Amino acid sequence: MSEPSLTSLTSLEITAQPGCWRRAAEAAASAAGLPRPGERVAVTGCGTSWFMAQAYAALREASGQGETDAFPASEFPVSRTYDRLVVITRSGTTTEVLDLIEEVRERWEVLALTADAASPVVRAADEAVVLAWADEESVVQTRFATTALAFLRAGLEASGRLPEGVKRLAEAASDAETAVIEPLPRAVVSAEQWTFLGGGWAYGLAQEAALKMREAAGAWTESYPAMEYRHGPVSVTGPGRVAWILGAAPAGLEADVSGTGGVLVADGRRLDPMADLIRAQRLAVAVAESRGLNPDTPRGLTRSVILKG
């Protein structure tokens, strides 16, 4: 199985991420509506956006900047009390997101991150950040999602210190430049099954890596918090199957994976987890193309889910 081509829109959009992240950092420096230290914040989205919300929520709380929760918009506990709601929605048209804003906007400040300045979410939110340069033509989200997370991550850097071991966004963007060109291990590309693992804020990224494989390639993938892997999911791994750890691996986990006979990917000491996600995105394209699938137009998916009343 070969490396992904650069003919698909998805592949081209994947390679644009280092520049998008740097531009997001510039935008965050003057943006209004970002969560302030000490605020109680909730973050929401659907699908990929929900996983970015999970990653940001874990990173913000670990930074000591305030309690932060993440929920899918369809399962949001609206009876809770927050100071601010952060919404991530590429299209700005997702029904569940717009319904949630309508229900809570009188109680909380709402910040929306979207790619379309003309979308309904811009009018519904108190503040909107339009990351139009990170929008995508392909159905599968790659660069918009990580750029939204980069924007929020840059806001955390400006407000205080990041947790120990978390790189600054400028370093992450440099790692991303490596991730877009570094060859994927042959055994990973030709595997039959993939399990993605991550701890802390990298767990949301692990969930997103697995989703990309399912969306683009229809692949059998799973994702778990890294410490949960040994509580059952380890039984899936074996010869011809992959366990991919995004971020730092818990003590002993790499040995446990290797002991199954499966393929281990653990580059957390070298690559920022967001940059490692880029490699998983590239893997999804490679597997899709090997199966004769078009990663730009996955089966059963659309750019936005708009529900009819």
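Two strands are counted as paired if DSSP finds at least two bridges between them. In this predicted model, an open sheet of 5 strands, with parallel pairing, follows the order β2-β1-β3-β4-β5. Strands β2 (68–72) and β5 (127–130) each have a single partner strand and stand at the edges, so one side of each is left without a neighbour in the sheet. On average, and with direction ignored, neighbouring strands of this sheet are turned by 20 degrees against each other.

The parallel strands β1 (residues 41–45) and β2 are joined by 5 bridges. Within this pairing, Gly45 has Pro72 of β2 as its bridge partner. Helix α3 (residues 48–62) packs on the sheet and touches β1, β2 and β3 (84–88), its direction making about 170 degrees with that of β2. Helix α6 (residues 143–159) also packs on the sheet, where it touches β3, β4 (109–114) and β5; the direction of α6 makes about 135 degrees with that of β4.

An open sheet of 4 strands, again with parallel pairing, is arranged in the order β7-β6-β8-β9. Its edge strands, β7 (221–225) and β9 (263–266), each pair on one side only. Here the average turn between neighbouring strands, direction ignored, is 15 degrees. Strand β6 (residues 193–198) runs parallel to β8 (residues 241–246), and 6 bridges join the two; Gln193 has Arg241 in β8 as its bridge partner.

Two helices lie across strands of this sheet. Helix α9 (residues 202–217) lies across β6, β7 and β8 and runs at about 175 degrees to β7. Helix α11 (residues 273–290) lies across β6, β8 and β9, running at about 155 degrees to β8.

Technical notes: Residues are numbered from 1 along each chain as its sequence is written. This is a predicted model: local features need pLDDT of at least 70, side-chain atom pairs count only at pLDDT 80 or more; totals for chains, interfaces and linings use all residues. Side-chain values use heavy atoms; hydrogens and water are left out. Axes are lines fitted to C-alpha atoms, for helices over the stretch in contact, and angles run from 0 to 180 degrees between N-to-C directions. Contact means heavy atoms within 4.5 Å.
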